[in-house]
Amino acid sequence: METDIQKNLKKNDWFKYIVVFIITLGLFATAGGLSNFFTNKKIQTMRDIQDKLSTDILSSETQFALLSELSCSQNDGQENLSDELSDMAQKIEYSESNFKTNETATELKRYYTILEIKDYLLMKKINERCGKKRSSILYFYTTAENCTECTKQGFVLTELRKKYPDLRVYSFDYNLELSALHALLKIYKIEDTKLPALIVDEKKITGFNSIEDIEKLLPKSMNTKAIPKTKVTQ
Amino acid sequence: MTSIFGFVFYIVSFLAVYVQVFLLVTFFENRKKIIIRKDAITLHEYPTVTIIVPCYNEEKTVLNTIDSLLELDYPKDKLQIIVVDNASKDTTWEVLQNLASNPQIKILQETKIGKHNALNKGLENTQTEFVGCLDADSTVHPESLKRIISYFVNADTMAVAPSIVVRNPKNILQYAQRAEYDMAHYNKKMLAFLGGIHVTPGPFSIFRKTVFEKIGIYRKAHHTEDQEIALRMQKNGLKIDHCPDAYVYTGSPNSIPKLYRQRVRWIYGFIRNAFDYRELFFRPKYGTIGIFTLPSGIISITGTIFLLFFSFSRLYEYVAKKVIESQAVGFHIVGDNLFSFNAFFLSTKAFVFISIILYILVVIGLLNGRKMIYGREKYTSWDIPVFLVLYSILAPIWLLKAVYNAITSHEASWSDERDYLIENKV
């Protein structure tokens, strides 16, 4: 004997099961769409910051070229870049771990890397010509494998950046496909088996280095700022 | 999120969203058929009914329960009450003697422990057309029996479940349960429309007496005989309906250990009964129960447990990162990102939006259930977020325990639960 439940199911319900499936798919597509929309907004934010960075660096370069024969005591326009660079570094790091499948994140990172190198070169030039001694750290890490030492090193550098506002920290992903970066790796003979690697004022050190280790390599005259009792993200 | 976790998350959440959408579509199809009667009704005829009240150590509550039955608006000569003392260790039996003089009430003793034994003892002594049971910690609304009986106008309807409402919630946990029960009304009514109800709850489900003649009496059924009988009815194609305006007020656990024990028993029962009736799964001939109800129960159990592991893995990642950080630069308790909120770092991954959609669907169901029961006046309340938060934390724990018990066949019994409560004075 067939009950009305069974009849009912045969008559209507398969259709309903399919309709509900389509609605559910629609909801998932909406979730995916929203995710994309907000991720794109973030990427746009990062683009905006990079554009500003790029303009700032270009402006510094131009200013430097114009004023090269004049006094070095003038503001070289580089003071404010540190914060922007580190803000960008944070966002790049976030996007790396959060939009893994996104090509755009990698593209942004390439651009950022070039900006870093440009800024580094400009700073070196200013140092040479004006006899200034602005310290810098080039930091090489890897994303190809799970590098705990790199994570630790990242925290140390964040802390250092906070302690020495004048210190420039440039971080480079060893595995990034970028010819300018490859050249830099070649110059400093960075090997992927010895990561993390640091170039502190042209001196190379590899493996994890604590704040104290790095401080030994920095000039004693560097301005420090007391570290507030708070944590800093990389 | 690692890729395996991600994959499982999407599968489980897809199924969970599917279940909620299915219920919602059912709601829109049938919402005009949901009847809530505020006033007293009169039936054309009043069939004879027996209500069995099984008691185990209920000296404090049983009289209230009986009083509420005596106050039912139903002809006295058509309503018989059978109270079965199931070898209580307290003074229940003595308390019951106060009722002996009432001709409507029959007092029996069942020495074999087990609610199913008590119920069967009552059934043996039932001669009426309809029979139901009422747990001795519950009371009924005076109109509820008439309202339920009115559903039996449909000759195919073999049992009708009531709406169970949390009686006088006092603490946060009980308010959270109230919200949960309101969601259950919605789920149950939708399952009723689909013909897929999987439990005829102990408090005041009413059956045609012929049900027990056709499919047999109550069984031990992992201490959830109210689930087993419903599944057995479904297997035999007997229709179960739900009467949303038949209110039954039930005591709710007022502490986490009590709630934990109750839920472990319920879910353990669900898993074991679902396993016993596994032949129903995905078999169209059994209707909604096998295609939808039982699988969605399994999905919700799996989903919640997955949520637990998912949360733990996130917590682990966070702690691991903190440990690395403290190794590198020392330990700082307060993070400055706590103060410098930046919308950029809010997650915009798809799983976040899927979770939001799922929560919204659950809340819509809950609100529909609430509207069904109380009307619009109590539509929203603070207990809904409390329920969502509290159950997100607690439910995975009892689910995990129930699953563990089900696998290791560790039974959680009705009488053990009560003995524990008495011994621990919780």
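This section describes the predicted model of a complex, from overall confidence down to single residues.

Residues are numbered from 1 along each chain as its sequence is written, chains are lettered from A, and ligands are numbered from 1 in the order in which they are written. Because the model is predicted, local features need pLDDT of at least 70 and side-chain atom pairs count only at pLDDT 80 or more, while totals for chains, interfaces and linings use all residues.

The predictor assigns the complex an ipTM of 0.82 and a pTM of 0.82. Per-residue confidence is given as pLDDT, which runs from 0 to 100. Chain B has an average pLDDT of 87. In that chain, 92% of the residues score at least 70. Confidence in chain B peaks in strand 7 (residues 206-208), at 96. It is lowest in helix 13 (residues 414-423) of chain B, at a mean of 54. Helices here are DSSP runs of H or I with at least four residues, strands are runs of E with at least two, and both are numbered from the N terminus.

Chain A averages a pLDDT of 78, and 78% of its residues score at least 70. Among the elements of chain A, helix 5 (residues 179-187) has the highest mean, 90, and helix 2 (residues 81-98) the lowest, 72. Over residues 226-234 of chain A the pLDDT is below 50. Beyond near neighbours in sequence, this stretch still has 23 contacts in the model. Two residues are in contact if their C-beta atoms, placed from the backbone, lie within 7 Å.

Chain A contains six helices and four strands. Their order along the sequence is α-α-α-β-α-β-α-β-β-α. Of the contacts in chain A with a separation of 6 or more, 72% join residues 24 or more positions apart. Buried residues account for 30% of the 234 residues in chain A. A residue is buried if 20 or more other C-beta atoms lie within 10 Å of its own, exposed if 12 or fewer, and partly exposed in between; these C-beta atoms are placed from the backbone.

The largest nonpolar core has 103 residues. Such a core is a set of buried Ala, Val, Leu, Ile, Met, Phe, Trp, Tyr and Cys residues joined through C-beta atoms within 7 Å. V53(B) and I267(B) touch the most other members. Helix 6 (residues 172-194) of chain B supplies the largest share of this core, 12 residues. Leaving aside neighbours within four places in sequence, the contacts of V53(B) include V62(B), I66(B), I81(B), V83(B) and L134(B). A second, separate core of 26 residues includes Y139(A), L157(A), V169(A) and Y170(A).

Helix 1 (residues 3-30) of chain B has 28 residues. At 1.5 Å a residue, taken over one less than the number of residues, this helix should span 40 Å. Its end C-alpha atoms are 40 Å apart, which agrees. Buried residues of helix 1 of chain B include S13(B), A16(B), V17(B), F22(B), L23(B) and T26(B).

Helix 1 of chain B packs against helix 6 of chain B at an angle of about 70°, with the axes 10 Å apart. The axes are lines fitted to C-alpha atoms over the stretch in contact, and angles run from 0 to 180 degrees between N-to-C directions. The two helices are therefore roughly perpendicular, a class that covers 65 to 115 degrees. Helix 1 of chain B contributes L23(B), T26(B), F27(B) and N30(B) to the contact. Helix 6 of chain B contributes N187(B), M190(B), F193(B) and L194(B).

Two loop residues of chain B have unusual backbone angles. Most residues other than glycine have a negative phi. A87(B) has a positive phi, near 55°. A87(B) sits in the loop between strand 2 (79-85) and helix 3 (92-97) of chain B. It is partly exposed because it has 18 C-beta neighbours inside 10 Å. The phi of H223(B) is also positive, near 60°. H223(B) lies in the loop between helix 7 (209-215) and helix 8 (225-235) of chain B. With 23 C-beta neighbours inside 10 Å, H223(B) counts as buried.

F282(B) belongs to the loop between helix 9 (256-276) and helix 10 (288-329) of chain B. It is exposed because 12 other C-beta atoms lie within 10 Å. Outside its neighbours within four places in sequence, F282(B) is in contact with G290(B) and I291(B). F282(B) and K78(B) are 204 residues apart in sequence and 42 Å apart in space, C-alpha to C-alpha. K371(B), in helix 11 (residues 350-374) of chain B, is partly exposed, with 19 other C-beta atoms within 10 Å. K371(B) and Y186(B) are 185 residues apart along the chain, with their C-alpha atoms separated by 9.3 Å.

Conventions. pLDDT is the predictor's confidence in each residue, from 0 to 100. Angles under 35 degrees count as roughly parallel, over 145 as roughly antiparallel, 65 to 115 as roughly perpendicular and the rest as oblique.
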